[in-house]
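These are my notes from going through the model, entry by entry. I kept to what I could look up in the structure.

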Amino acid sequence: MGILDLKKISFSYNREEFIKDLSISLNGGEFIGLLGANGSGKSTLLKLSAGILSPQMGEINLWNKPLHHYKGKDRAKLISYLPQMLDINAPFRVIELVSMGLYPYDILPQLSPEEAIEMVGLTEKKNSSITELSGGERRRVFIAMTLLQGAGILLLDEPLANLDIKYQIELIRLLRNLRDIKNISVVMALHDINMAFQFDCVYIVKDGRLIASGEPHEIIAGELLKDAFDIDVTISDIFHPLKPIK
Amino acid sequence: MRKIILLIIVSICILFVSVFILPKFINPFNLDDTGSQIIFSIRLPRVIVSILMGSALGVSGAILQGLLRNPLADPYILGISSGATLMAAAGLIFGKIIFGLFTIPLLAFIGAISTGIAVGIMGYKGGGLLPERLLLAGIGIGFLFSSILMLLMSISADEGLKRAMLWIFGDLSMADWSLIPYGLIFIFAGFLLSIWRVKGLNALILGDEIAYSLGFSPFKERLILFISVGLMTASSVSLGGIVGFIGLLIPHIVRYFVGSDCRFLLPSSALAGGILLCMADTIGRTIMSPTEIPAGIITAIIGAPYFLYLLRRKEIMGV
């Protein structure tokens, strides 16, 4: 039994099946990278895990209780989800937006909005309007909000997209530290296969099914990638296990 | 903080001018019978109605722009006003008086609320109220009702038609104490609902998925806020017809001063909308006195150039 259990879930929309009979069990402190081609079902899987979508078949349990039995605020303290598309046109200030991470709480938790903003390196811009920031900076603002929300399970849909390599590395480092200190679990959809080596475990999704899972150096093998992404790959040095970022 | 104090002082000055000075000075410390008659029976109810209407429209606009994630949304875009107008105009044109003075406002309120419900039903799909569907349903219903209204007007007699036209352009001259308690109750109820769900509104502006992740049910939040807008818009239209500009542009202007956080944006839009309409109405009944210029025309003449000036200087909703 993990803290988040997906048991034989299937999900279809407009008669098209996006997730097929998929089971995953997430434990505390796990750091998981989710790989798969576009349309493979990564985002759908994260949305199902967050409760945004409901599976037609199977069940999802959070701490051994059906996910949809939780009240919104209670669920938000345990699990948070950050979508891939962050489309916002209202000129919130950075500090205002990050502070929304406290909405599920009546009694304020230890982390303050200023500390969360500092964690993503945006202290100098805390009073700027979000509409004045670059794509990467906006994403870091939302990541700060997610960190402030303080849930033990973070489901992040391609959070590294539009981040400079520096911030990609820093975000991974930050999340790993949080995992070490607070035992949080992270599931992150990835578009860059190289980044998979920074995770303890990698899941590969294809056509709504989990086709492989395990340590990155075992999983990122030619045949599996060829199958998952429908490409002809040759493993070069780039794909050799890098040292995890410390 | 200084800006808010300034706004409150300006508001009090405008109120004083509207009640005692324009269009003709009446000394509040030396009231004769005629003077007190003018102030208590004519000016004061009119000032209160203009503030109520302007506040309702300002807040509704701010809510809808967040709720529909669209900077062009205003309280009339959901077709609520066309429903109200159609029913009120039908009452005026056919001259049906069923409930005395209350007939037209009551017809307008019924028209507005039933249109709101129809738009809500059409905007519902797959377990949620979808912003785009709400907008399209509102626009579709708005066109349908406007065309029926045109048809009614083209076949109607002169007197009813003139009154209906006045009403369509926003006519505060029919302001009267008897309606104020009802307007106040519904507008205040709508405002309280929106303040109760203000965190949900902030979260919805970030998108339904983030709102859900923060613990909100996007459907429930949108439904409550939609009801709040419906109540306020219906009451406002019932009190004095249609006044353009405030619902669309007041929230944008207020955002420059207080930002996007709806906890500050909603009360400030209420204050600014109420004061602007009160000022516009005072100007409208003064400059060509005794002829009145509808308040809606004055709000647009004052507000639109100021809005365009701000648009040149800064960006609106990120564009």
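I began with helix α5 (residues 135-149) of chain A, which lies across β6 and β7 of chain A and runs at about 175 degrees to β6(A). This is a predicted model, and I read every angle and contact below with that in mind.

I then looked up helix α1 (residues 42-50) of chain A, and found that it lies across β3, β6, β7 (153-157), β8 and β9 (201-206) of chain A, at about 150 degrees to β7(A). Is α1(A) enclosed by the rest of the structure, or open to the outside? Nine of its nine residues are buried, so α1(A) is largely enclosed by the rest of the structure. The buried residues of α1(A) include the two lysines Lys42(A) and Lys47(A), as well as Ser43(A), Thr44(A) and Ser49(A); Leu45(A), Leu46(A), Leu48(A) and Ala50(A) are buried too. Just after this helix I noted Gly51(A), which takes a positive phi of about 95 degrees.

Next I traced the sheet beneath these entries. It is an open sheet of six strands in chain A, with the order β6-β7-β8-β3-β9-β10 and mixed pairing. Which strands stand at the edges? They are β6 and β10 (209-214) of chain A, each with a single partner strand, so one side of each is left without a neighbour in the sheet. Direction ignored, neighbouring strands of this sheet are turned by 15 degrees against each other on average. Within the sheet I checked one pair in detail: strand β3 (residues 31-35) and strand β8 (residues 185-189) of chain A pair in the parallel sense over four bridges, and Ile32(A) stands opposite Val187(A) in β8(A).

I stopped at one residue of the sheet, Asp157(A), which is found in strand β7 of chain A. Is this aspartate buried or exposed? Asp157(A) has 23 other C-beta atoms within 10 Å, and because the cut-off for burial is 20 or more, it counts as buried. Leaving aside residues up to four places away in sequence, Asp157(A) touches Ser43(A), Leu46(A), Leu82(A), Pro83(A), Gln84(A) and Ala189(A). Of these, Ser43(A) and Leu46(A) are among the buried residues of α1(A). I also looked up the C-alpha separation between Asp157(A) and Pro83(A), which is 5.2 Å although they are 74 residues apart along the chain.

I turned to the interface, where 22 residues of chain A are in contact with 23 residues of chain B. On the side of chain A, the elements that give two or more residues are α2 (72-78) and β6 (79-82), and the largest share, four residues, comes from α2(A). By class, the chain A side divides into 12 nonpolar, five polar and five charged residues.

In chain B I examined one helix pair: α8 (residues 198-205) and α12 (residues 262-286) pack at an angle of about 110 degrees, with their axes 9 Å apart, which means that α8(B) is roughly perpendicular to α12(B). Val198(B), Leu201(B) and Asn202(B) in α8(B) meet Cys262(B), Arg263(B) and Leu266(B) in α12(B), a contact of four nonpolar, one polar and one charged residues.

Last, I checked confidence. The mean pLDDT of chain B is 85, and 95% of its residues reach 70 or more. Among the elements of chain B, α8(B) has the highest mean pLDDT (95), whereas helix α6 (residues 158-168) has the lowest (73). For the complex, the predictor gives an ipTM of 0.91 and a pTM of 0.88.

Methods. Residues are numbered from 1 along each chain as its sequence is written. Chains are lettered from A and ligands numbered from 1 in the order in which they are written. This is a predicted model: local features need pLDDT of at least 70, side-chain atom pairs count only at pLDDT 80 or more; totals for chains, interfaces and linings use all residues. Axes are lines fitted to C-alpha atoms, for helices over the stretch in contact, and angles run from 0 to 180 degrees between N-to-C directions. Angles under 35 degrees count as roughly parallel, over 145 as roughly antiparallel, 65 to 115 as roughly perpendicular and the rest as oblique. Two residues are in contact if their C-beta atoms, placed from the backbone, lie within 7 Å. Ala, Val, Leu, Ile, Met, Phe, Trp, Tyr, Cys and Pro count as nonpolar, Asp, Glu, Lys and Arg as charged, and the others, Gly among them, as polar. Two strands pair if DSSP finds at least two bridges between them. A residue is buried if 20 or more other C-beta atoms lie within 10 Å of its own, exposed if 12 or fewer, and partly exposed in between; C-beta atoms are placed from the backbone. pLDDT is the predictor's confidence in each residue, from 0 to 100.
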